[in-house]
Amino acid sequence: MTEPAAATTTPDERLVRVGPLARVLTRPDIGALLGAIAVFFAFAYFARAVNWIGEPAIAASWTDQAAQFGIVAVPVALLMIGGEFDLSAGAMIGSSGLLLGYLATFQGLNIWPAMAIVLLFGLAVGFVNGLVVIRTNLPSFIVTLATFFVLQGVNAALTLNLTGTTAIQEIDSATGFDSARRFFASELTQYDFKVKVLWWIGLTLAGAWLLAKSRFGNWIYGAGGDPVAARNVGVPVARTKITLFMMTSGVAALMGIITAFELRSIQAKEGIGLEFVFIICAVVGGCLLTGGYGSVIGTFFGAAMLGMVQLGIIFAEWDSNWTFTFQGAILFAAVMLNTVIRNRAQGSR
Amino acid sequence: MTAAAHLLEADAISKYYGNVVALKDVSMHVNAGEVTCILGDNGAGKSSFIKILSGAHRHDAGRLLVEGEEVQFGSPRDARAKGIATVYQDLAMVPLMSIWRNFFLGAEPRKGIGPLRWFDAASAKRIVRRELSQMGIDIRDPDQPVGTLSGGERQSVAIARAVYFGARVLILDEPTSALGVKQAGVVLKYILQARDRGVAVIFITHNPHHAYPVGDRFVILNRGQSLGNYAKSEIDRPELVRLMAGGRELGELEHELEAIKAEL
């Protein structure tokens, strides 16, 4: 036995000593990892009719679904840590895919410049979202809800007007489609893992690096944690938040591009409803609704968890409507856990 | 520059909000390695006065001098450029962020070249540990969120940060008012540490018992006017308390209370 350290250092008045185990368990990324592992083994039991653990094709299908959620969840998580929401991220996927389809089929543009225009469009929508939030001081929840409805209407009305149907078809007729498809929607290995999964992992690593290692990451924490204090010490809070909105819409546009390559056509209502799934992923990753705290790595595990739930319910041959119930339950559990973590971090006494 | 020039001097500063006189002809000065205390009850004009010194507000009459030269501060940034840093009571730190992230927030040290530059966390943590220990602040772990620190420790870290980033004049807005006796003592100790490192400290408080042990000069504000500007040798603690409490008013109150007691 060594001497207790408390005898030499003066124990601080109101500080609660936290053991190493409790400290690890309350780290947001570890919590999300443990949750994802629990869900994985739960479906190993419920979906035992198939080889849930050992069959690579099954892993390929749930990682495909998880990447569908996880790619846009990365900037959504950063935005939430920066203290803001973007409810238009789901509809932006549809808008971007439709714009790509329109440029490629109706305008006969080569797919590469068409993609560049779509990405610029995404950044522009994010800029408008951010600018309106900063200028009006309105909650981003309301501002981006408005953007969401505007985009949803535009998507449906213009698609119907252009095509007479609810989708833009035959995007693969565009020149350059096949060369570009390799990067966005091809399959890897004989088990059909999607290249989308690599985008998901890559964006997660980039987002995690940005948050933990860059100056901008420190500004995100500050802008979300206490914008007044951050501004007082010289953080460009408005610029930080607008950049985060642009990243979110920009990555949503990337997701629209990926979707267009995968499906070769885009439905007008593509992406609608996903905005909430992105937020659930971020909350599972420890992001607080009030900003200032969270983890991109945790968000990755959150997306993995939701992807497994979605596919696990299919493989377990349950009614797929239960997916929503599961998502709700996961959200609720994550929020409860986050509240405990936040109270600890803020030292609520 | 004359030998008599003070590091920061306010000369007959006045401030009006419409027809309300917030400050009338208030003067004070502070030198490197000195603590000037500004005392006053609620509504005495303390916060208007520090907002002028820190550049958040403009004064309507009088002069503000830094090393003998008259200055006009358009914003807190102007004041900071002259080495005048203000530590506000509640707005100093982001509670959910770790100590080292807070310490360098807005002034992150970076490593690397071009766009591939990253926040040099290792040296940030090292500097935080060194700076805090030089101030005699013992922190267990720079990764700790600031929210887990006690109020006194939080103020102390904010003071250490201002000193590290080159503050020559440190304005402390009621740093002890929300704290218990022991915690307040901790903050007072760091005020003296900052003073010993050659910083000019302006300490705003309504508590003469906190001000007297650390102050070199005392300026007492009442209803926007200065009741006097004393060096420590010119005033003793009971007199400071008496002035602070509004002397005559307190006497009257005592008299009234006696009368009530007699009736009972």
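In this predicted model, helices α3 and α11 of chain A lie roughly antiparallel to each other, because the angle between them is about 170° and angles over 145 degrees count as roughly antiparallel. The two helices span residues 56–81 and residues 237–263, and their axes are 9 Å apart. From α3(A), the contact draws on Ile71(A), Val72(A), Val74(A), Pro75(A), Val76(A), Leu78(A) and Leu79(A); from α11(A), it draws on Leu244(A), Phe245(A), Met247(A), Thr248(A), Val251(A), Ala252(A) and Met255(A). Sorted by class, this contact comprises 13 nonpolar residues and one polar residue, with no charged residues.

A second helix pair in chain A, α4 (residues 89–106) and α12 (residues 274–284), packs at an angle of about 130° with the axes 6 Å apart. These helices are therefore oblique to each other. Here Ala89(A), Gly90(A) and Ile93(A) of α4(A) meet Leu274(A), Glu275(A) and Phe278(A) of α12(A). The classes in this contact are four nonpolar, one polar and one charged.

Two loop residues of chain A deserve a look at the backbone. Glu170(A), which is not a glycine, has a positive phi near 55°. Its place is the loop between β1 (167–168) and α7 (177–185) of chain A. Glu170(A) counts as exposed because 12 other C-beta atoms lie within 10 Å. Arg264(A) also has a positive phi, near 65°, in a residue other than glycine. Arg264(A) sits in the loop between α11 and β4 (266–267) of chain A. With 16 other C-beta atoms within 10 Å, Arg264(A) is partly exposed.

Turning to chain B, strand β1 (residues 8–17) pairs with β2(B) in the antiparallel sense over seven bridges. The two strands form a hairpin with two residues between them, and Gly18(B) in the turn has a positive phi of about 60°. β1(B) also pairs with strand β4 (residues 61–66) of chain B, again in the antiparallel sense, over five bridges. Ala10(B) serves as a handy reference point for both pairings: Ala10(B) stands opposite Met28(B) in β2(B), and the bridge partner of Ala10(B) in β4(B) is Leu64(B).

Within β2(B), which covers residues 20–30, lies Leu23(B). This residue counts as buried because it has 28 C-beta neighbours inside 10 Å. Setting aside neighbours within four places in sequence, Leu23(B) contacts Ile13(B), Ser14(B), Lys15(B), Gly45(B), Ser48(B), Phe49(B) and Gly224(B). Leu23(B) and Asp60(B) are 37 residues apart in sequence, with their C-alpha atoms 9.5 Å apart in space.

Another hairpin of chain B is built from β11 (residues 217–222) and β12 (residues 225–231), antiparallel strands joined by six bridges. Two residues separate the strands of this hairpin, and Arg223(B) takes a positive phi near 50°. Arg217(B) stands opposite Ala231(B) in β12(B). Ala231(B) is exposed, because 10 other C-beta atoms lie within 10 Å. Beyond neighbours within four places in sequence, Ala231(B) is in contact with Asp216(B) and Arg217(B). From Ala231(B) to Asp120(B), the separation is 111 residues in sequence and 45 Å in space, C-alpha to C-alpha.

A word on confidence may help when viewing these features. The mean pLDDT of chain A is 88, and 91% of its residues reach 70 or more. Among the elements of chain A, helix α1 (residues 20–25) has the lowest mean pLDDT, 63, and helix α5 (residues 111–136) has the highest, 96. Over residues 1–15 of chain A the pLDDT is below 50, and this stretch has six contacts in the model beyond near neighbours in sequence. Where pLDDT is low, the predicted coordinates should not be read in detail. Chain B has an average pLDDT of 83, and 95% of its residues score at least 70. Among the elements of chain B, the lowest mean pLDDT belongs to helix α9 (residues 248–263), at 74, and the highest to strand β10 (residues 200–205), at 91. For the complex, the predictor gives an ipTM of 0.78 and a pTM of 0.83.

Terms used. Residues are numbered from 1 along each chain as its sequence is written. Chains are lettered from A and ligands numbered from 1 in the order in which they are written. This is a predicted model: local features need pLDDT of at least 70, side-chain atom pairs count only at pLDDT 80 or more; totals for chains, interfaces and linings use all residues. Two strands pair if DSSP finds at least two bridges between them. Helices (H or I, at least four residues) and strands (E, at least two) are DSSP runs, numbered from the N terminus. Axes are lines fitted to C-alpha atoms, for helices over the stretch in contact, and angles run from 0 to 180 degrees between N-to-C directions. Two residues are in contact if their C-beta atoms, placed from the backbone, lie within 7 Å. Ala, Val, Leu, Ile, Met, Phe, Trp, Tyr, Cys and Pro count as nonpolar, Asp, Glu, Lys and Arg as charged, and the others, Gly among them, as polar. A residue is buried if 20 or more other C-beta atoms lie within 10 Å of its own, exposed if 12 or fewer, and partly exposed in between; C-beta atoms are placed from the backbone. Angles under 35 degrees count as roughly parallel, over 145 as roughly antiparallel, 65 to 115 as roughly perpendicular and the rest as oblique. pLDDT is the predictor's confidence in each residue, from 0 to 100.
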